[in-house]
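Biologist: I am new to this one, and I would love a close look at a single part. Could you walk me through how the aromatic rings pair up?

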Amino acid sequence: MRKLIFLWAIIIVLVSCKNENESELNQGIWLGQLEVMDGEKLPFNFNVSKNENEAYTIEIYNASEIIKVDEIEIKGDSIRIQTPVFEGYIQGKLSEKSIKGNFIKESLDRVVPFEAFYGVEKRFAVNTTPAVNISGIWETEFSQGTSDSYMGKGIFAENDGKVTGKFRTTTGDYRYLEGVVSGDSLKLSAFDGAHAFLFLAKVTDSTLNGTFYSDNHFKEPFVAKRNESFELPEADELTFLKEGYDKFEFSFPDTNGKMVSLEDKAYKDKVVLVQIMGSWCPNCLDETKFYVNYLNDNHTTDLEMVGLAFEYAKTKELAYKSIERLKQRIGVNYPILLAQYGTSDKEEAQQKLPMLNHVLSYPTTIFIDKKGKVRKIHTGFNGPATGEKYTVFKREFDSYVKMLINE
């Protein structure tokens with residue numbers, strides 16, 4: 001009996017010591033910062049709370065977007081924050097009012113220095129009153145004068161120096177940007193758990209001249225001018241079947257290793273939507289959420305969907321794991337096949353789908369009618385961050401799909 005009492009006493013002491021040494025994550029607002037190129041810092045705000053089970057929850061804020069994070073692990077003074085759906089995570093050392101560590105994407109061998117400070121509400125420090133209000137439409141060119149040049153459409157709203165908005169491009173949007181105008185400087189950022197975007201520019205009444213940073217591995221210049229009537233090329237005209245091809249074909253394995261193709265009975269005499277995507281891609285995530293909701297709201301046996309995933313995970317097993325994580329977290333109710341792993345390179349993707357003139361964007365959706373004919377290919381996805389453009393897309397998508405079904 002004495003031995004039993006002694007054993008319980010040791011256990012209690014050990015548990016007490018463990019609890020005393022366990023660091024606490026302060027509840028409330030924090031400012032996170034990622035170190036990008038040129039010594040610049042990409043800021044974002046997040047809020048920490050506890051639920052009824054004493055488990056931590058984090059909300060990451062980007063303008064009107066709220067990203068909920070519920071996979072947080074604390075051991076001693078070490079903290080690991082796993083972003084939802086995507087593989088990226090924050091690993092660091094936790095003190096009373098700070099976190100210092102890295103944002104890590106293992107499949108890309110990418111490590112971005114990270115730090116966070118408790119109680120800091122302002123995303124960017126503002127030292128000077130705005131010299132100009134940038135609200136409006138901006139015709140934008142990235143990497144001007146190079147072979148990598150592409151067009152974008154800046155759409156911004158400014159109120160007392162605080163700016164929200166987005167850049168749309170022909171292949172999608174740079175999502176929910178938030179920042180400030182301080183004097184003649186524009187600063188915008190977004191962090192969604194996969195991509196980290198920072199836009200810095202000098203502004204006048206009619207021009208922007210700046211640099212776009214993505215994580216700490218990429219940067220490019222951009223210029224913009226006011227143009228309220230500017231529009232990007234239509235997304236349905238950018239990708240098409242090459243001459244000599246009259247149908248879209250593939251044969252790729254699902255996460256159980258079963259080969260799937262459009263010749264399968266499940267797709268015969270049905271409208272089929274083929275989604276070219278990746279589990280690592282935020283725009284693909286937005287599109288996938290839309291498709292999941294659409295299929296749940298529109299039950300019909302005449303429509304099928306299938307995703308073709310191009311994964312940068314280093315092994316087939318890790319790629320399958322990423323796909324399954326996406327399906328479980330979002331509730332995907334259609335098959336997602338593994339088309340490629342080890343790289344998301346678009347030129348290699350096009351080799352897997354040689355009938356396409358190119359794979360210009362993740363995501364891209366191919367609309368196939370009941371006779372197996374490709375009727376339309378929609379490049380990119382302008383999601384909820386694009387406001388009216390997203391509303392128009394949803395309406396036109398529904399109308400077009402129902403037209404194909406009723407043929």
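Modeller: Happily! The count comes to 39 aromatic pairs, where rings of Phe, Tyr and Trp (its six-membered ring) pair if their centres lie within 6.5 Å; planes under 30 degrees apart count as stacked, over 60 as edge-to-face and the rest as tilted. This is a predicted model, in which local features need pLDDT of at least 70 and side-chain atom pairs count only at pLDDT 80 or more, while totals for chains, interfaces and linings use all residues. Residues are numbered from 1 along each chain as its sequence is written, and side-chain values use heavy atoms, leaving out hydrogens and water.

Let us start with Phe 167 and Phe 199. Their ring centres are 4.8 Å apart with the planes at 35°, so this pair is tilted. Phe 167 belongs to strand 12 (residues 162-169) and Phe 199 to strand 16 (residues 196-203), 32 residues apart; strands (E, at least two residues) are DSSP runs, numbered from the N terminus. Both Phe 167 and Phe 199 are buried, meaning under 20% relative accessible area (1.4 Å probe, protein chains only).

Phe 199 also forms an edge-to-face pair with Phe 222, at 5.9 Å centre to centre and 75° between the planes. Phe 222 lies in strand 18 (residues 218-226), so this pair ties Phe 199 in strand 16 to a part 23 residues apart in sequence. Phe 199 has 0% relative accessibility, and Phe 222 is buried too, at 1%.

Now zoom out a little: ring pairs link Phe 167, Phe 199 and Phe 222 into a cluster whose members also include Phe 142, Tyr 150 and Tyr 174.

Methods: Helix = DSSP H or I, 4+ residues; strand = E, 2+ residues; numbered from the N terminus. Buried < 20%, exposed > 50% of the residue type's maximum accessible area, 1.4 Å probe, protein only.
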